[in-house]
Amino acid sequence: MATRLPSPPKVGMVSLGCPKALVDSERILTKLRSDGYGLSPDYDDADVVLVNTCGFLDSAKEESLEAIGEAIAENGRVIVTGCMGKEADIIRERFPSVLAISGPQQYEEVVGAVHEAAPMPPSPYIDLVPETGLKLTPRHYSYVKISEGCNHRCAFCIIPSIRGDLISRRPDAILREAEKLVAAGTKELLIISQDTSAYGVDIRKEEREWKGRTVQPHMTDLARELGQFGAWVRLHYVYPYPHVDQVIPLMADGLITPYLDIPFQHASPRILKAMRRPANEAKVLERIAAWREICPDITIRSTFITGFPGETEEDFQYLLDWLEEAQLDRVGAFRFEPVEGARANALPDPVPEELKEERYKRLMDKCAAISAAKLQAKIGTTQKVIIDLVDEDGGATGRSQADAPEIDGEVHLRDTQGLAPGDIVSVEIEDADAHDLFGVVSGSA
């Protein structure tokens with residue numbers, strides 16, 4: 001007689017916030033899956049629902065609270081984790097029926113709460129987790145977190161108070177994870193942390209052996225080794241420390257993707273000082289020019305804040321002029337928003353909301369014009385494109401090496417045949433708008 005296995009409890013997950021939180025969600029689900037739990041894509045079929053919250057901005061906190069409320073209304077059995085878990089009193093006051101609350105990176109507490117809320121029926125046969133763990137992203141790209149926390153104390157940010165100081169992972173552990181991901185079908189590795197440039201400063205003397213080589217816990221060494229796997233390697237959240245210059249030749253040699261995500265936040269020296277950010281903006285312009293000399297195809301992405309307390313029209317015009325000279329490829333912006341616990345809240349001369357909005361629009365208009373001109377210049381060129389989506393009408397959507405998933409532009413293809421997500425093809429660019437490219441496949445990349 002066949003043995004009938006008991007049905008394992010199912011866990012639902014709502015993951016909010018940045019890619020670092022997404023990696024936390026993947027780790028939690030990987031551990032739960034290894035313990036035999038099933039996963040549910042909807043509330044109705046879940047025995048318990050996890051909500052991984054974001055607490056970076058007040059608007060993100062409200063979104064997290066709304067997500068918790070929805071999960072309670074739809075399911076009733078909810079466990080909360082993530083950055084907003086640091087404010088358990090607020091969550092408890094609004095949602096007293098929440099089963100458990102934990103902060104970011106507290107994987108054991110989350111898993112323990114699930115075990116208590118939805119105990120696993122004993123069975124020696126349930127072992128369903130793949131070696132690479134569970135992913136919330138498509139198979140062909142993966143986020144790889146190389147460190148936790150941050151040593152900076154920017155005036156607008158409360159991440160260090162939530163996630164603590166920098167804690168770097170061992171380089172061999174990162175490389176082992178990346179190797180498994182590539183072996184399982186990952187074509188693009190997105191390297192993330194709170195400060196990728198600072199990777200290894202806390203373990204700088206702890207070199208490790210990898211494939212018969214000694215690897216230093218340093219961004220340049222790590223990038224060079226990651227480039228050996230043959231996947232695209234995209235660096236996010238890079239502070240412009242001097243040693244970033246050493247990574248550019250790796251891009252020129254094709255070892256890693258020619259893309260840097262550098263959160264400059266502003267250009268005015270006065271505002272950068274108030275933000276407690278590096279303020280040598282002229283030197284940065286010189287370095288950007290030098291990077292482009294070494295690697296003409298480099299894409300530089302950044303984010304900026306408009307309406308920071310004390311920002312004058314002169315400061316904002318300085319930023320616009322700096323952007324005109326810098327000619328950054330991809331730009332995002334935020335209107336300054338006070339966050340409980342941030343030093344910036346106590347700064348004088350807050351900028352009125354309508355002025356924040358007006359400056360935000362002017363900044364985005366400026367950057368859209370720069371982007372449109374840069375993309376127009378790509379018409380007639382051939383670009384490597386990784387396919388993300390194939391439709392039933394013969395079209396496909398992908399990304400060039402200048403485009404990170406979810407945050408940058410896309411490449412829209414016509415008359416495609418036989419493509420699948422994860423394929424990397426050569427595309428002849430036929431047209432462009434302010435953010436996206438349009439083209440046709442010309443061959444395999």
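Arginine 362 is partly exposed, with a relative accessible area of 26%, where buried stands for under 20% relative accessible area, exposed for over 50% and partly exposed for what lies in between (1.4 Å probe, protein chains only). Its side chain meets that of glutamate 358 in a salt bridge with an N to O distance of 3.3 Å, the term being used for a side-chain nitrogen of Lys or Arg within 4 Å of a carboxyl oxygen of Asp or Glu. Glutamate 358 is likewise partly exposed, at 34% relative accessible area. Because the two residues are 4 residues apart in helix α12, arginine 362 and glutamate 358 are separated by about one helical turn; helices (H or I, at least four residues) and strands (E, at least two) are DSSP runs, numbered from the N terminus.

The structure is a predicted model, in which local features need pLDDT of at least 70 and side-chain atom pairs count only at pLDDT 80 or more, whereas totals for chains, interfaces and linings use all residues. Residues are numbered from 1 along each chain as its sequence is written, and side-chain values use heavy atoms, with hydrogens and water left out.

A search of the whole structure finds 36 salt bridges, and three of these pairs are set out below.

| Pair | N to O distance | Relative accessible area |
|---|---|---|
| Arginine 362 and glutamate 358 | 3.3 Å | 26% (arginine 362), 34% (glutamate 358) |
| Arginine 335 and glutamate 357 | 2.5 Å | 35% (arginine 335), 37% (glutamate 357) |
| Glutamate 148 and arginine 27 | 3.6 Å | 12% (glutamate 148), 27% (arginine 27) |

In the pair of arginine 335 and glutamate 357, whose closest N and O atoms are 2.5 Å apart, arginine 335 lies in strand β15 (residues 330-335) and glutamate 357 in helix α12 (residues 353-376), so that the salt bridge ties together parts that are 22 residues apart in sequence. Both ends count as partly exposed, arginine 335 at 35% and glutamate 357 at 37% relative accessibility.

The side chains of glutamate 148 and arginine 27 form a salt bridge as well, at 3.6 Å from N to O. This pair links distant parts of the chain, with glutamate 148 in strand β7 (residues 147-148) and arginine 27 in helix α1 (residues 19-34), 121 residues apart. Glutamate 148 is buried, whereas arginine 27 counts as partly exposed. Both residues belong to a network of salt bridges that links Asp24, Arg27, Lys145, Glu148 and Arg163.

Turning to the strands, 5 of them close into a barrel in the order β16-β17-β18-β20-β19, with mixed pairing. The twist averages 55° from one strand to the next, with axes taken as lines fitted to C-alpha atoms (for helices over the stretch in contact) and angles running from 0 to 180 degrees between N-to-C directions. Strands β19 (residues 424-432) and β20 (residues 437-444) run antiparallel and are joined by 7 bridges, where pairing requires that DSSP finds at least two bridges between two strands. Valine 425 has serine 444 in β20 as its bridge partner.

Two loop residues deserve a note on backbone geometry. Most residues other than glycine have a negative phi. Lysine 211, which is not a glycine, has a positive phi of about 55°; it lies in the loop between β10 (208-210) and β11 (213-215) and is exposed, with a relative accessible area of 53%. Aspartate 349 also has a positive phi, near 60°, and is placed in the loop between β15 and α12, where aspartate 349 counts as exposed at 56% relative accessibility.
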